[in-house]
Amino acid sequence: MRKQAGYVLAATLAIGLIATASIGAAQAQDKTIKIGGLLPMSGPGAYFGAQDKQGVELALEQLNKSGVNGYKFAVQYEDSACSPLPASQAAKRLIDQYKPDIIIGEECSDATLAIMPIIEQAKVPLLNAGSSALKITDPGNPWTFRIMPNEVMQGVDIATQAYNKLNARTAVLLNETTNAGIGNAKVFKDTFEKLGGKVVAEIGFGRDINDFTSIATRVAGLGKVDVIPTYTLEGQGLKITQALAQAGVVKGGGGPAIQLGTIWLPFGFEQKAGKAATGYVRIVQFDPTDQRDMVKDFVAAFKAKFNADPTHLHAHAYDQIMLIADVVKRGATDAQSIRDTLAATKDFKGVTGSVEFDKTNQNIKMDTIHYMETKPDLSWNALKWN
Amino acid sequence: MRSSGTRQVTATIVAQQAINGIVLGSLYVLVALGLTLIYGVLVQINFAHADFVTLGAFAAYFFMHLFGGSYLASIGVALVVGAVLGWLINVSIFAPLRHKGSELLPLIATIGVSVMMQNAMLSLFGPVPYAFETPYSQQVFRVAGTFFTAQSIIIIAVSIATIALLYAFMKFTFLGKALRAVAQDRETAGLMGINPSYLIMLTIVISSALAGMAGAMLAPVLVLTPFAGTSVIVKAFAIVIIGGFGNVEGTILAGLLVGLIESFTTQYLDPGLIDIVVFGLLLLMLAFRPTGLISERREENV
Amino acid sequence: MSDAAAPSATAYRTSSRRIGFLVAALAIAVLPLVLGGSYWHTNLTVCAINVLLALGLDFILGYAGQLNLGQSAFYGLGAYVSTLLITKLGVPFWGAFAAGVAFAGLAGMILALFAVRLRGHYLAIASLGLAVIIHQILLNWISLTQGPLGIYAIPPPPAIAIPGLPRVDFRNPIALFYLVAGFALLTYFILDQLVRSPIGETLTAIREDEISAASLGINAAAWKVFAFGVGAAVGGAAGCFYATFVGTLVPDAFFITESFTILSMVIVGGMGTLIGPVWGAILLTLLPELLRDVGDLRLVVYGLALTLVVLFMPGGLVQAARLVRAKLGLLRERAP
C-alpha cells in the first residue's frame with residue numbers, strides 16, 4: 001500500500017514538474033507584439049479596411065504558428081473611417097486602451113496626416129502602406145514609415161510611361177477633391193507638361209457627386225484625348241468608367257482614350273465595371289502573375305484561406321505584418337526599438353516588392369510599381385514596363 | 001459622341017447636356033413630386049423621404065440579385081416597398097402628431113426616422129457601394145452625335161407615364177378631386193363627407209411609392225450606399241421650394257430646371273459649383289418669391 | 001403665509017440656481033482628473049463643444065421659436081475664420097476667436113433676414129440651404145480654405161503666464177478642457193440671465209404668437225435678428241474651440257448632418273429650457289462612445305432617441321425629469 005502510494009506520489013510530482021516546466025515555457029513563449037490597426041471600416045473607404053484585415057489575418061496565422069524570436073503577434077483594430085476626425089479619435093483610443101508597440105494605417109492621406117502628430121507624441125511608430133500624399137514623409141517624420149511609393153514616385157513614373165510607351169500627348173485629369181486626388185493630379189500634370197504633353201482639362205469633383213454622364217459629355221467634347229488619369233475611390237470610379245464608355249470616349253466604349261489609374265481601384269473593379277474597363281492601365285503594388293516563389297505561395301495560401309484572389313490591398317497588409325515580423329527577428333522588442341530597426345531596413349523582400357527606407361522613412365525601391373492593363377476578357381495583362 | 005480629331009460642335013454638346021439634364025431632372029421630379037404632394041395635403045415635410053428612395057433602390061437590388069427578378073419587375077417591388085414605408089410613417093408619426101397641432105414636431109420626428117433608417121441600412125448593407133447594373137444601363141444608343149442609354153429611355157418613359165397618370169387621377173377621379181379639396185381646405189372637405197385622414201394616408205402612400213420607384217430607377221445612376229439619399233434630399237427640397245410647395249406643375253418645371261442646371265454647370269463651370277448654384281437660386285426664390293415659380297396658393301402665412 | 005412664502009420661493013430658486021452653478025463648476029474641475037487618459041479628455045472636450053452648439057441652437061429654436069437647421073454653418077464659419085486669421089495672417093488667438101464669433105454672429109443675422117419674412121418650414125429649408133452653400137464654399141474655395149486638403153497643425157491657444165501664478169499651457173488636454181467647459185459655463189450663465197430678463201419674455205411672446213406680440217408693439221423682426229445673432233455667435237465660438245482642439249480642419253466636419261445632430265441634442269434634452277440641451281449634448285455625445293462595442297447600430301440610437309422623444313416626450317429629458325420628481329413627490333409647490 002505504501003509502495004503504491006509512493007509511486008503515485010512520485011508520478012504526481014513528475015507530472016507536476018513537467019507541467020510547470022511546460023507552462024513556464026509557454027509563458028516564456030507568450031511574449032506578444034501588439035499591433036494596432038487603424039483602418040477604415042465605415043464610409044467610402046470601407047473596402048480598404050475589409051481587405052486589409054484579411055491580409056493581416058493571413059499573415060498572423062502564418063507567423064503565430066511558431067512565433068518569431070519567442071514573440072507572437074496580436075492585432076487590435078479601430079475604425080478610422082478614412083477621415084481626419086474619426087481617425088484622430090480612433091488613434092487616441094487605440095493608444096490609450098491597447099498600448100500598441102506599432103500601428104499600421106491609415107489608407108486615406110487625410111486620415112494619415114491627422115494621426116501622425118498623435119502617434120509621434122505617443123512615441124509609437126506608424127507603418128503606412130496606402131497613403132500617397134507627399135507630406136506624409138517628405139518633411140521628415142521620424143515616427144512615420146511608408147512602404148508604398150508616394151504620389152511623386154508614382155505620378156512621375158506613370159506620366160513618363162504614358163508619354164513614352166503609350167505615345168500620349170493630350171490628357172484630361174479626373175480627380176476627387178481630396179489631398180490624394182489633387183496631389184496625384186498635380187504631379188501628373190507637372191511631369192506630363194514638362195515632357196511636352198498638354199493637359200486639356202482638369203475636372204475635380206467631390207465625394208458627393210453621383211452622376212458622371214455630364215462629366216463624360218464634357219470630356220467627349222474636348223476633342224482628341226489620349227489618356228485620362230483618374231484618381232478616385234471605387235464607387236465613383238465605376239460610374240466614371242461606365243459613363244466614359246457610354247460617351248464613346250474610352251476604349252471600352254469604342255473610343256481611343258485610355259484611362260490611367262493608380263492603386264485605388266483593386267482587382268474586382270473590372271468585374272463590376274464590365275466591358276467599359278477594357279484598356280484601363282493602372283499601377284498596382286501587387287502583380288499576381290509575379291513569378292517569385294514568395295508571391296506564388298502567398299497567392300496560394302490566400303486562395304486556400306479566403307477562396308478568392310488577393311488584391312494589392314491584401315498584399316500590402318500582408319507585407320506590413322511581415323515587415324514587422326522581420327523587424328522583430330532583427331531584435332526589436334518594443335516601440336522605440338521597432339522604430340529604430342525599421343529605419344535601418346535595407347533589403348526586405350515582400351510580395352509587393354522590396355523595401356528600403358531613405359532618411360525620411362520613405363521606401364525608395366521602384367520594384368513596387370507594376371503596370372497592369374485590362375484585357376477585353378477583364379483579366380489583367382502585366383505590362384513589363386519597370 | 002466620339003472624340004475624334006476634331007472638337008465637337010457646340011450644338012451637339014448642348015444637346016447632349018440637355019438630354020443628360022432632362023433625364024436627371026425627371027428622376028428628381030419623381031422624388032420631389034412625393035414631397036410636394038405630402039405638403040399639399042398635410043402641410044408637413046417628410047425628411048425621411050429620400051431614405052425611402054434609397055431603401056427602394058436597395059429593395060430593387062436585392063430583388064434582382066437574391067431572387068433573380070427582372071429589372072422592370074424590381075421597379076414594381078420598389079414601388080410597393082415605398083408604399084409600405086409611407087403607410088408606416090403615417091401611422092407612427094404623422095397621424096399621432098396631427099392632434100398636437102405643432103408644425104415643427106413632425107418634421108423633427110422625421111429627421112429622427114431619417115437618421116435611424118440611414119444607420120440601420122448602414123448596419124445591414126454595409127458602406128461598400130453596390131454596383132447596380134441593369135441590362136438597360138449598358139445599352140447605348142447613338143443618334144445625331146448624341147448618346148443615351150436604354151435606362152434613360154425607361155426613366156423618361158416611366159416619368160411621363162407617372163405624371164400623366166397622376167394628373168388624370170387628380171383631375172378626373174373622385175378621389176383625386178377629394179384630395180385637392182382636402183389640400184385646399186381640410187375642414188370644409190371634412191364637412192362634405194370626405195374623410196381627411198383616409199385621404200391623407202392615401203397621399204402619403206402614393207408619394208412614398210413614387211419615392212421607392214424613383215429609387216429603383218436612380219440606382220443604376222447613383223453610387224448606391226445607405227447615404228445615397230442625402231445627396232438627393234437637399235436637391236429635392238430646393239426643387240419643391242423653387243416650384244412652390246404643393247404645386248405639381250411647378251415641381252415638374254423646377255425638377256427639370258435643376259437637372260439642367262446640374263448638367264450645364266458641369267459642362268461650363270465645375271461640378272463643385274452645382275450645389276451653390278441650385279441653392280443660390282433657392283435662397284433667391286425665398287427672398288423674393290417664396291411661393292414658387294408658379295404660385296397657386298395665396299400668399300398666406302408663408 | 002403667502003407674503004412670507006413668496007420671497008422664500010424666489011430665494012429658493014435663486015439659491016438653488018447658485019448651488020447648481022457651483023456643482024457644475026465643481027464637476028468640470030473634477031471630471032478630467034477622475035476620468036483619466038487622453039481618450040476621456042477628448043470625449044469631455046467634445047461634450048463641452050457640443051454643449052455650446054446646443055445652447056446656441058436652443059436660444060434660437062427653443063426661446064425664439066425659429067427652426068434653424070443651419071447651425072452647422074455658423075459652427076464652420078467660426079472655425080474657419082478664426083483658423084485662417086491665425087494661420088495666414090498671424091492674428092493672435094483671442095483676436096481671431098473674437099473675429100470668428102463676430103463673423104458667425106453676422107451670418108446668423110443675415111439668415112435672420114430670411115426668418116423675418118418666412119416661418120416654419122420655409123425658414124427651415126432656407127436655413128438648410130444656407131448650410132449647404134456655406135459647406136460648399138468651404139469645400140470649393142480651395143485657394144482660401146484649402147478645401148478638402150485640410151488645414152493641419154493648428155496651434156492650441158497660447159499659454160497664459162501671469163507672474164505669480166502657475167503657467168497654464170493649453171497643450172495640456174486638461175487645461176484645454178477647462179477652458180472650453182469654463183467658457184460653456186459662462187455662456188450658460190449669460191444666456192440664463194438673458195432668458196430670465198424681459199428680453200426672454202419678449203422672445204417667448206414672439207415664439208408663442210407673433211401677431212399678438214406685434215400688437216403689443218414688439219418689433220418681432222429686430223428680436224429675431226438678435227436671437228439669430230446670439231445663437232449663431234455661440235455656435236461660432238464652438239467652432240473656434242473645435243479647430244484649436246482637433247488641430248485639423250476639413251469642411252466635411254461641418255456637413256449639414258451636423259445640424260441634425262445638434263438639433264437632436266436640443267430636442268432630446270428639452271427644447272425651451274437651458275439645462276435641457278446641456279444634458280442632451282452630454283448624453284448624445286457620450287452614448288455612441290459607450291455603445292462603441294455594439295458596432296454600427298449605435299448610430300441608430302441617435303435617430304431613435306430623437307423620434308421617440310418627439311413622439312412621447314416632446315419636452316425631452318427635462319420633462320422626463322420633472323415627471324420623475326413629481327412621481328416621487330419631490331416637486332416643490334410653487335408659491336402663488
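Reader: To start, how many residues of chain A are in contact with how many of chain B?

Author: In this predicted model, 38 residues of chain A are in contact with 32 residues of chain B, two residues being in contact if their C-beta atoms, placed from the backbone, lie within 7 Å. Local features need pLDDT of at least 70 and side-chain atom pairs count only at pLDDT 80 or more, whereas totals for chains, interfaces and linings use all residues. Residues are numbered from 1 along each chain as its sequence is written, while chains are lettered from A and ligands numbered from 1 in the order in which they are written.

Reader: Which elements of chain A each supply at least two residues of that side?

Author: They are α2 (46–63), β7 (198–205), α7 (213–220) and α8 (234–246) of chain A; helices (H or I, at least four residues) and strands (E, at least two) are DSSP runs, numbered from the N terminus. The residues of the side of chain A that touches chain B divide into 14 nonpolar, 17 polar and seven charged, where Ala, Val, Leu, Ile, Met, Phe, Trp, Tyr, Cys and Pro count as nonpolar, Asp, Glu, Lys and Arg as charged, and the others, Gly among them, as polar.

Reader: And at what angle do α7(A) and α8(A) pack?

Author: The angle is about 50°, with the axes of α7(A) and α8(A) 8 Å apart; axes are lines fitted to C-alpha atoms, for helices over the stretch in contact, and angles run from 0 to 180 degrees between N-to-C directions. That makes α7(A) oblique to α8(A), since angles under 35 degrees count as roughly parallel, over 145 as roughly antiparallel, 65 to 115 as roughly perpendicular and the rest as oblique. The contact is made by A:Thr213, A:Ile215, A:Ala216 and A:Val219 of α7(A), together with A:Ala243, A:Leu244 and A:Gln246 of α8(A), and these residues divide into five nonpolar, two polar and no charged.

Reader: Switching to the sheet, what is the strand order in the open sheet of five strands in chain A?

Author: The order is β2-β1-β3-β4-β5, with parallel pairing, and two strands pair if DSSP finds at least two bridges between them. The edge strands are β2 (71–79) and β5 (144–146) of chain A, each of which pairs on one side only. Neighbouring strands of this sheet are turned by 25° against each other on average, direction ignored.

Reader: How many bridges join β1(A) to β2(A)?

Author: Nine bridges join these two parallel strands, and A:Leu39 has A:Asp79 as its bridge partner in β2(A). Strand β1 (residues 31–39) of chain A also pairs with β3(A) in the parallel sense, over four bridges, A:Leu38 being matched there with A:Gly105.

Reader: Are the faces of β3(A) covered or open, then?

Author: Both faces of β3 (residues 102–105) of chain A are covered, with A:Ile102 and A:Ile104 on one side and A:Ile103 and A:Gly105 on the other, all buried. A residue is buried if 20 or more other C-beta atoms lie within 10 Å of its own, exposed if 12 or fewer, and partly exposed in between, with C-beta atoms placed from the backbone. Of the 386 residues of chain A, 58% count as buried.

Reader: Last one: how many residues of chain C are in contact with chain B?

Author: There, 35 residues of chain C are in contact with 36 residues of chain B. The largest share of the side of chain C that touches chain B, 15 residues, comes from α5(C), and the residues of that side divide into 25 nonpolar, eight polar and two charged.
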